Amino acid sequence: MENECDACSCGGRHAFDDARGASSRVCSSSAWRDDGGRSGRIHSVESFGTVDGPGVRFVVFMQGCPLRCAYCHNPDTWDMRGGSCVEVDELMADFERNAAFYRTGGITVSGGEPLMQAAFVHRLFAAAHRREQGRVHTCLDTSGFGFSGAKSAVIGAMLDECDLVLLDVKHPDPDACERLTGAPLRSMLAFGDELARRGVATVIRHVVVPGSTDSEESCERLGRLIAPWRNVVGLELLPYHRMGVHKYAEAGIAYPLEDVAAMDATRLPALRAAVARGVRAARASSS
């Protein structure tokens, strides 16, 4: 396939058998075509989310992801042909059933990769902001992969309705990022630059994987990478876990990190300090 795929501006390179065992990369044009955001394909909904943004949140997990992160614990979200098709009104009706619980929270859209369905996310966030009973806080949980000039208008419209972004920076090294995720870092960084340009409040998320992203050197490099983004309001270092391994077995997919133990969370304060050192060093050298 030479034409750009419908979902993520990959140039068609995802429409082939995946080396890690999936039947196809999810954004094959035969798998899904965007209808302008009138409907979206979702994996699931969490009614009382407490870890994906401030307060108690209504969390929508989108279906489909062009990445193949080695530590992904939801491989069932990869295929764009999975999940179920919904409209914005349906999700807002579900939100209203428990709206009293979300007064200090809001709506978060996660994935999968939400940027694959940015037009739908835009419509959902716009509905949340224009809700008759009062504005609802909106949050996007994304890797930033898929941002490009071809997609900038629809993603820009979505960001106009976005109050907070949880940006998952996979790895600060371009080569290591591609080995870890199967995708280049540059698109993700371009999205981070766009958030900074717009001043969108952003929390950096980073999964700490033993042997890959758990060294102080790597975390300092992460700090230097994010230092120019003055819109960053928080940092979450997430310890690698193995809770999704059974899903690989059920799907007949080899788990890439089979021999990697869960992260020792007691190391996180030292790694967080390393990120902070990297930020300070980069900002001092540029001042």
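In this predicted model, the eight strands come together as an open sheet. Reading across it, the strand order is β3-β1-β2-β4-β5-β6-β7-β8, and the pairing is mixed. The two edges are taken by β3 (84-86) and β8 (232-239), each of which pairs on one side only. From one strand to the next, the twist averages 30°. As a general point, strands of a sheet pair through backbone hydrogen bonds, and they can do so in a parallel or an antiparallel way.

It helps to zoom in on β1, which spans residues 40-49. On one side, β1 pairs with strand β2 (residues 57-62) in the antiparallel sense, over 5 bridges. Two residue pairs give a feel for how these strands line up: Ser 44 stands opposite Phe 61 in β2, and Glu 46 has Val 59 as its bridge partner, again in β2. β1 also pairs with β3, once more in the antiparallel sense, this time over 3 bridges. Here Gly 40 stands opposite Val 86 in β3.

The segment leading into β1 is worth a look too. Ser 39 sits in this segment before β1. Ser 39 counts as buried because its relative accessible area is 15%, below the 20% cut-off. Leaving aside neighbours within four places in sequence, Ser 39 is in contact with Cys 85, Val 86, Glu 87 and Phe 120. Val 86, then, turns up twice: as a contact of Ser 39 and as the residue opposite Gly 40.

Gly 36 belongs to the segment before β1 as well. With a relative accessible area of 39%, Gly 36 is partly exposed. Apart from residues up to four places away in sequence, Gly 36 touches Ala 119 and Arg 123. The first of these partners is a long way off along the chain: Gly 36 and Ala 119 are 83 residues apart, yet their C-alpha atoms are separated by 6.0 Å.

Further along the sheet comes β5, made of residues 137-142, and Thr 142 is part of this strand. Thr 142 is buried, since its relative accessible area is 2%. A polar atom of the Thr 142 side chain lies 2.8 Å from the backbone nitrogen of Gly 144. Setting aside residues up to four places away in sequence, Thr 142 touches Glu 113, Pro 114, Leu 115, Val 165, Leu 166, Leu 167, Asp 168 and Phe 191.

The loop between β4 (106-110) and α2 (118-129) holds Gly 112. This loop has a twist of its own kind in the backbone: Gly 111 and Gly 112 are joined by a cis peptide bond, with omega at about 5°. For background, most peptide bonds are trans.

Turning to the helices, two crossings stand out for description. Helix α6 (residues 216-226) and helix α8 (residues 268-286) have axes that come within 7 Å and cross at roughly 40°. That angle is why α6 counts as oblique to α8. The crossing is right-handed. On the α6 side, the residues involved are Glu 216, Cys 219, Glu 220, Leu 222, Gly 223, Arg 224 and Ile 226. These meet Ala 270, Leu 271, Ala 274, Val 275, Arg 277, Gly 278, Val 279 and Ala 282 in α8.

The other crossing involves helix α3 (residues 152-160) and helix α5 (residues 186-198), whose axes come within 12 Å and cross at roughly 45°. α3 and α5 are therefore oblique to each other, and α3 passes α5 in a right-handed crossing. Ile 155, Gly 156, Leu 159 and Asp 160 are the α3 residues that meet Phe 191, Glu 194, Leu 195 and Arg 198 in α5. Phe 191 is thus a meeting point for α3, and it is also one of the residues touched by Thr 142.

Finally, the chain as a whole. Its secondary structure comes to 8 helices and 8 strands. Of the 287 residues, 52% count as buried. Among contacts between residues at least 6 apart in sequence, 75% join residues at least 24 apart.

Technical notes:
Residues numbered from 1 in each chain as written. Predicted model: local features only at pLDDT ≥ 70, side-chain atom pairs only at ≥ 80, totals over all residues. Heavy atoms only, no water. Helix = DSSP H or I, 4+ residues; strand = E, 2+ residues; numbered from the N terminus. Buried < 20%, exposed > 50% of the residue type's maximum accessible area, 1.4 Å probe, protein only. Polar contact = N/O pair within 3.5 Å; in protein donor to acceptor, adjacent residues only side chain to side chain. Contact = heavy atoms within 4.5 Å. Pairing = 2+ DSSP bridges. Axes fitted to C-alpha atoms, helices over the stretch in contact; angles between N-to-C directions. Parallel < 35°, antiparallel > 145°, perpendicular 65-115°, else oblique. Left-handed = near helix turned anticlockwise from the far one by under 90°.
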